[in-house]
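Reader: I should like to see how the terms used for this model are justified. Please set each one against its definition.

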Amino acid sequence: MTYLAVSHVTKTFGGLVALDDCSFVIAPGRISCVVGPNGAGKTSIFNVVTGFIKADTGTVVFKDKDVTSLSRHDRVRLGIARTFQNLRLFEELSALDNVLVCLADEAGNGPLAAMFRPFHTEAVLKRKKAEAAALLDEVGLGHKIEVPAASLSYGQKKLLCIARVLATRAELILLDEPTSGLAAGALDAMVTMIHTLKARGRTLLVVEHNTRIVQRIADDVLFFHRGRLLAQGSPDEITSNEELGRIYFGRGDEH
Amino acid sequence: MLYLQLFVDGVVSGCAIGLVSISFSYFYSVTGTFHVAHAGIYTLCGYVAWALVAAGAPFIAALMLAVLAGALSGYATQHVLYQRLADRQASPLVMMIASIGLLTVLQNIVAIVFSPNIVQFDMPWRVGHLDIAGVTLSHPQALIALVSIVIFVGLTVFSARTDLGKRIRAIASNAELAEITRLDPKRVFAYVLAISSAIVAVPAVLVGVDQAMQPYTSLIVLLTAVVAMIAGGIGSLPGAFGMSIVLAVIQSLSVALIPGRWSIAAVFGIFILFILLKPEGLFRRRFSRAL
Amino acid sequence: MRMGLFSKAVMLLTALASAPSAFAQPKELLIGALLPLTGPAAPIGIEERNGVQFAVDEVNAAGGAAGVPVRVIFDDSQGKPDQAVLSFNRMLDLHSVPVIITAYSSISLAIAPLATRREVLVVNPAAQTNKLEKASPFLINTIPLVNAEARVLARYAVDKIGKKAAIIYENAAAGIDGATDFRKYFEAVGGQIIAEEPVEFGQTNYRATLLKIAAAKPDFVYIAITQSQAAMADQIGQVANFPVGIGNTFSSPFFGFKSTEGWYQTGIQSGQLEPAKVSSFKEKLKVEEMGFFAREYYNATKIILKAAEALIASGRPVTGAALRDKIQEIKTFSSPVATITFEDNNASRPVEILQYRGDKRVLLEAVNPTR
Amino acid sequence: MNFFLSFVILAEIFSIAALSTNLLMGIIGIFSVAQAAIMGIGAYTVALLMMSGVPFFVALLAAIVLCAAVNVISSLPSLRLAGDYFIITSFGTQLVATAVFINWQGLTGGASGLFDIPLATIGGWTFATARQFVLLSTLCLVAVAGSFWLLMRSPYGRLLHAIRQDEIAAVAAGRRVLRAKVGVAAVSGAYAGIAGGLYATYISFIDPTSFDIHVSVLVVTMLVVGGARTLSGSIIGPFLLIAVPQLLAMIDLPSTLLGPMRQLVYGLILIAFMVWRPQGIAGRRL
């Protein structure tokens, strides 16, 4: 079975090539880190996999199903979910509601039931609240349930993003720079969290800048440069490749 | 002959609407503020000129003072209202509601200070007319066509060719670029609204001279102008001006074919088609403001 | 007249606290006047108010209606039906008036069912829409409705002007009624409508419409608009060979333009009061002239007061129903303004046909329309 | 008493209209100056059906369904396209609706409007006087306010708030944003239909000016003054703003300028609230 296969994906914006004939396969149950210098196409590949941009050519196959032309929300329901580099929390909602609206369960998400079956809806709400609270507990935010997302610390906000993506019950989770901007303590918590997710059987695709973090979490590394996938391999293979290192750290770059 | 006359009348109305359209478009594409109160400034300027003429001022002086009144009220609007709201991180919705409030205030100030009734300029020359090849144009109509084209060309050249115009466009396309242009966006926005409001005073006065004025009808003019702006492509001055003429000619000719009472519905029908089929407009050049 | 805000508030509270009393106070005769005192129609509303006030002052100066002092309660309808319903209820709750003088078709139509239900007489001295004819058994019209004018005009036009007509009408109540009725009567007497164009209320650019009408080459054009006649007259001046125009009471502002020389209009005969009264009116109310609406509202108020006087003199309570019956019983009311006859709830009065000749409006005919 | 009650009735009707606007502008963030037009469609539907003999309750149901559908269709461009285009769509909807009310004379009676609309009757109860009608309007407001409260409390309500704050994030969570927006537009339309239906039978006379753009702007003003997003705000606003002219009527100030003066005051109130208190009296920041 193919778990996730991206084949010959190309995407241009105006004259700018964001992705150039990228193809790779991800195996289930592993943590794959997407690395590369700025503008390499890391976020673009996330957007293509989750459907936030449509590729000019190429296909995305998830669990033997061609998802290339599926809508964004349908991909989430199939099991592909993501976080954002700029978090995109619902700032005015409480931590609990942030998770609650992301729950995979569609019950209670329509106006008719809300207005005409209030007792049923109340029961659904109660169940969903419990479910969301459990997820918050899991990421260590159990004590912040009623706090508006805007008032959380940056580290807590990032954990809340994890809780939200867990709420979707997706098995393939794409994390866009989960550790950026975190202080040491919060950073360790996040790394632990990522390992926990893996232990629970989730497959992770992670954009990560910090090579030490990559060493700590990655099973595989995908190295992007100027829209092309230059290499895919174990962290050791990639870090030992001197040419990649030169590109990554800008040494020997022709510019 | 009937159709030719209707066509020419349509072009003239279109020129006047075109000025409203380019002036609205200029401010909107630079600041992103949906300035509904532009219609209020339109009304105000028309009545200022009317009152001055009634008080015995020569028409040219009245027109100039109306333009000045437009510039000042535009500057004040940005400086006192929009900037204050922007400083408080107001959402576009809040800006828009405040602008509707300002429109209401301006229209009713006009009604209170000047007159709530339909008024006409007391100037004998305005009913005179020219006959050119069987087409009749009133003197004010001829003036509208002439002045509109001059102003349209002037604003286009200013925006595209002059150094200041280019730097203003740079602010419009990218807020961060603004730093490189060494212009203070706050002051630039106020100047831009002053320029826009000075421009909109011209059709306000001239159409008033040609026909008559009423405090409460300018919103329809503005909405037609905005429809033209969107159909012509936001940010494109020739697009806005051209589409204004196209819409006005359609409206004028349509009277000969269908009952005139449906023409407003027709304009908005065209608009709905546009935003569903070709949301970027006909002549869109480049407008990178996130809408 | 003028009451403190405090005493009004007290009255409001008393009215809210107690059940509404069924009968008016015997010591005073109250008349309600629900007029557009604010909004676009306010200039007319103020003139109407002056007419009512002048009539009441006159009666009070002469010792009241059969000895009972008369007081008017004015209220502002803003020209809006929902505000009118509020005002109507306010007048009945706070003042229990037996009769209300109104203005504006929409206002009179909105309160007509309430008047029927609460048996209050509504007197309309100015609105002309045909629907008012049978809107309520408690609605009396002291002005001929649009259809009466249109009938007279249609017959005159066929006889003296031509059989092919075009119509320009304002797309609002008065204009639509005018156009519809004119078409009906004109066709009934053998005329033919060859073109018809509506214009919007508040429009000032009529060029396309005028060109289209002129291109149809009718014998004349019937114009039913209520505002911006001056702008239309200017633009008619630019259209070659525009046909002669005819209009109704609202067409008066067309008078005095080069382009409208020789036009016709109908008018409701409405004479001036005695010069002494007119100058007293101007002096008391500080206005330049006693206009059409002031005269009509003055006259309507006098009709109400005459009926009320008769009721009080015979010792009967002044209620809406009694007033209405009394007005129909008296039937004919003569004054310098007009001689009005009530066959039913609707006045029957002479209609004039006028022509613009130079600086004069010449009276061609005065006809009493037969129903 | 009737006067006070008729004030309450009008305020209640406009509270329902304000709740309709609140759902669009406050909750989901779609600008709307067309709610009077939708209300007008409800009013004309109820009036025409009742005048041809349909019972009030059935007519009101028809109005609710029709208004829900029209509101969805008219806000469809704004549901699909983000951004400022829908400002124009909204103005356009209002102007086109007014043009239709005026010009479809065969149906709407044109500019002269419809009069003598029958009284509301439900199961032998006739709501004729203000005293009777206030029961009906209060019942309707309670039902609408109750459903609004239930909506906001439900997971759906939380989703709507989430969509307003970050539509992309809601999509990324697997939510069908378009479906949720269509739902809220339908409910908002249904509210406007109820308001229109009540207005038609209570006033018994409707014409195009009863539902023109000034009325829409007035409803927006009511909402902004009371406070967007909250239930109480949508009720406080209409009661306050309908009371203002009633209080002015208590003072003898007749003048040609009072009408523009009142409009001017409304305009100033709008600006003042936007600058100093965008959350209104009892709402949240817009």
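Author: The following exchange takes up the sheet, a helix, a chain contact and an annotation in turn. This is a predicted model, in which local features need pLDDT of at least 70, side-chain atom pairs count only at pLDDT 80 or more, and totals for chains, interfaces and linings use all residues. Residues are numbered from 1 along each chain as its sequence is written, while chains are lettered from A and ligands numbered from 1 in the order in which they are written.

Reader: What makes β1 and β4 of chain A a pair?

Author: Two strands (DSSP runs of E, at least two residues; helices are runs of H or I, at least four) pair if DSSP finds at least two bridges between them. β1 (residues 4–13) and β4 (residues 57–62) of chain A share five bridges, in the antiparallel sense, so they meet that definition. One bridge joins A:Leu4 to A:Phe62.

Reader: Why are β2 and β5 of chain A said to stand at the edges?

Author: The open antiparallel sheet has the order β2-β1-β4-β5 in chain A. β2 (16–26) and β5 (65–66) of chain A each have a single partner strand, so one side of each lacks a neighbour in the sheet.

Reader: How many residues of chain A and of chain D are in contact?

Author: Contact requires C-beta atoms, placed from the backbone, to lie within 7 Å. By that criterion, 29 residues of chain A touch 25 of chain D. α5(A) gives the most to this side of chain A, with five residues.

Reader: What is the secondary structure of residues 7–28 of chain B?

Author: That stretch is 100% helix and 0% strand, with its end C-alpha atoms 30 Å apart. The unreviewed UniProt entry includes residues 7–28 of chain B among those annotated "transmembrane region"; UniProt positions follow the numbering used here, feature names are shortened, and annotations may be inferred rather than shown by experiment.

Terms used: Contact = placed C-beta atoms within 7 Å.
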